[in-house]
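Colleague: I am new to this kind of picture and would like to learn how to read it. Could you take me through it step by step?

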Amino acid sequence: MWTTINAFLKTVDNFVWGVPLMVLILCGGILLTVRLGVLQMRRLPLALKWMVKNEEGGKGEISSFAALCTALSATIGTGNIVGVATAVCAGGPGALFWMIVAAFFGMATKFSEGLLAIKYRVVDKDGHSLGGPFYYIEQGMGSKWKWLAKIFAFFGVCVGLFGIGTFSQVNGIASAIQNFFDPNKVHTVAIPGIGTYSWTVVIASLILAFCVGAVLIGGIKRIASVSQIVVPFMAVAYFVFALILIICNITKVPAAVVTVVQGAFHPRAVTGGVVGSMFVAMQNGVARGIFSNEAGLGSAPIAAAAAQTHEPVRQGLVSMTGTFIDTIVICTLTGLSIVLTGAWQVDGLEGVQVTTYAFQNGLPFPHVVSSFVLMMCLVFFAFTTILGWDYYSERCLEYLTGGNMKKVMVFRWIYILAVFIGPYMTVSAVWTIADIFNGLMALPNMIALFALNGVVVYETKKFFEAGKHKK
């Protein structure tokens, strides 16, 4: 039965993530990059400065840094560790090149999303700042486009519940914990109608569901407070260990870079015919890159809308740093680690096992230490992603139901249940489902960005001409 389901999902995934959607997302990023004068390069130092410097007197629920951490909590996850490995194994080393290219143009996309989120956000009767694609579609494009906003919100709920938010993250956590504590499945339990699983997976799913529930009850402020602590700490820790791996294998880096670039344009020369075309490398790189940094999906602006700021451009720049940190820094380090250690060429490895192999064979530490470090990074990255995507999904559902909080609370418990059953989904099915909903969610958001690109350019030009960035 699973074989039939997987085959069907693959067919749908290939259709959704075909040439049209990739062209739409990349062209959107290229258009915004050109119209904004390559702002992601010119204003990156300013963006990094504002990332940690909160605006004084800004209106909103949480600080800009907290909003960024909430957005990063949803973006820095299994995509950085498992997703990169999946992309490189399926599309060859060249997939990493296309992932970086997509991220570069994605920075302009993410800037635009953050700007529009603040410009068109609303404040509800309880004082909560609400915003995101559904609001900038409805208010920016006009009420006649409300149907498009609702489509986005529907897919947003689905992505959180069936894609990025639950199954793929929990599956990654369960795989990492099992690989560390019970790699040979010595301690197993038979679950009727589902299969035989390691006790580590069962226990992990119970603990994870409890911890997720405990945080989600507190809403955006508790999610933000947890994210502000966990995300920076784990991102820095992962960065340090990945950098140590690169430095310890520095002599292999030039060859690895050549392999990545060559694999981007001539995959057969690198993979020996396993990956047949540049399109396969591009498709895997772009898809996994967007899965990781979410530029173009329209998710990050939902968190950005809660930021304490009254300057749309400022928040756009802060939001932009999320894509830079997530993909151009963290994903690149992961990808290089996998390529220079040859982990992508080892038969029988899947998902997190590929990155684990890279860390074990690339770091100057005992294998058990390297495995433990990677496991902890993945667990915390994925945990915060689960929290961030619950917030996104709840805001989407709130928009769909006209603010019916009873339905939102029911959804919250269903979400926690999805976290609990996540480990029992197959790896290939999990990633395919996530890919499908990612693509469907991106469509209405990219339509809005094309329609409102003039607003983005006007607001940006007005902001910098007024010299507000010097204050």
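**Reading helices, burial and contacts**

Modeller: Let us begin with one residue: A176 lies in helix 10, which covers residues 167–181. Helices here are DSSP runs of H or I with at least four residues, strands are runs of E with at least two, and both are numbered from the N terminus. This is a predicted model, in which local features need pLDDT of at least 70 and side-chain atom pairs count only at pLDDT 80 or more, while totals for chains, interfaces and linings use all residues. Residues are numbered from 1 along each chain as its sequence is written, and side-chain values use heavy atoms, with hydrogens and water left out.

Colleague: Is A176 buried or exposed?

Modeller: The general idea is a cut-off: buried means under 20% relative accessible area, exposed means over 50%, and partly exposed is in between, with a 1.4 Å probe and protein chains only. A176 has a relative accessibility of 7%, so A176 counts as buried.

Colleague: Which residues is A176 in contact with, leaving aside its neighbours within four places in sequence?

Modeller: Contact means heavy atoms within 4.5 Å. With those neighbours left aside, A176 is in contact with V352, M375 and L378. For a view across the chain, take A176 and F450: they are 274 residues apart in sequence, and their C-alpha atoms are 40 Å apart in space.

Colleague: How should I read a pair such as L387 and G160, 227 residues apart along the chain?

Modeller: Look at sequence and space separately. The C-alpha atoms of L387 and G160 are separated by 9.8 Å, with their positions 227 residues apart along the chain. L387 sits in helix 19, residues 367–400, and is buried, with a relative accessible area of 0%. Apart from residues up to four places away in sequence, L387 touches V212, V215, L216, I223 and V226.

Colleague: Where is T327 found, and what does T327 touch?

Modeller: T327 belongs to helix 17, residues 312–340. T327 is buried, at a relative accessible area of 1%. Not counting residues up to four places away in sequence, T327 touches M99, A103, G289, S292, N293 and T332.

Colleague: And what does a partly exposed residue look like?

Modeller: Try Q228 in helix 12, residues 219–248. Q228 has 33% relative accessibility and so counts as partly exposed. Q228 still has contacts: leaving aside neighbours within four places in sequence, these are S63, F65, A66 and C69. V38 is partly exposed too, with a relative accessible area of 30%. V38 is found in the loop between helix 2 (19–35) and helix 3 (39–42), and has a positive phi of about 55° although V38 is not a glycine.

Colleague: How can I tell which side of a helix is buried?

Modeller: An α-helix has 3.6 residues a turn, so residues three or four places apart point the same way. Now look at helix 4, residues 44–52, where the buried residues are L44, L46, A47, W50 and M51. They cover an arc of only 155° around the axis, which puts them on the same side of helix 4. That arc is the one of the directions from the helix axis to the C-beta atoms. The face of helix 4 turned away from the buried side carries the exposed residues P45 and V52.

Colleague: How many helices and strands does the chain have?

Modeller: The chain has 22 helices and 4 strands. Its radius of gyration is 21 Å, close to the 23 Å that the globule rule gives for 471 residues, so the chain is as compact as a globular protein of that length. The radius is taken over C-alpha atoms, and the rule is 2.2 Å times the number of residues to the power 0.38. Along its principal axes, the C-alpha trace spans about 60 × 50 × 40 Å.

Colleague: What share of the residues in the chain is buried?

Modeller: Buried residues make up 60% of the 471 residues. Among contacts between residues at least 6 apart in sequence, 83% join residues at least 24 apart.
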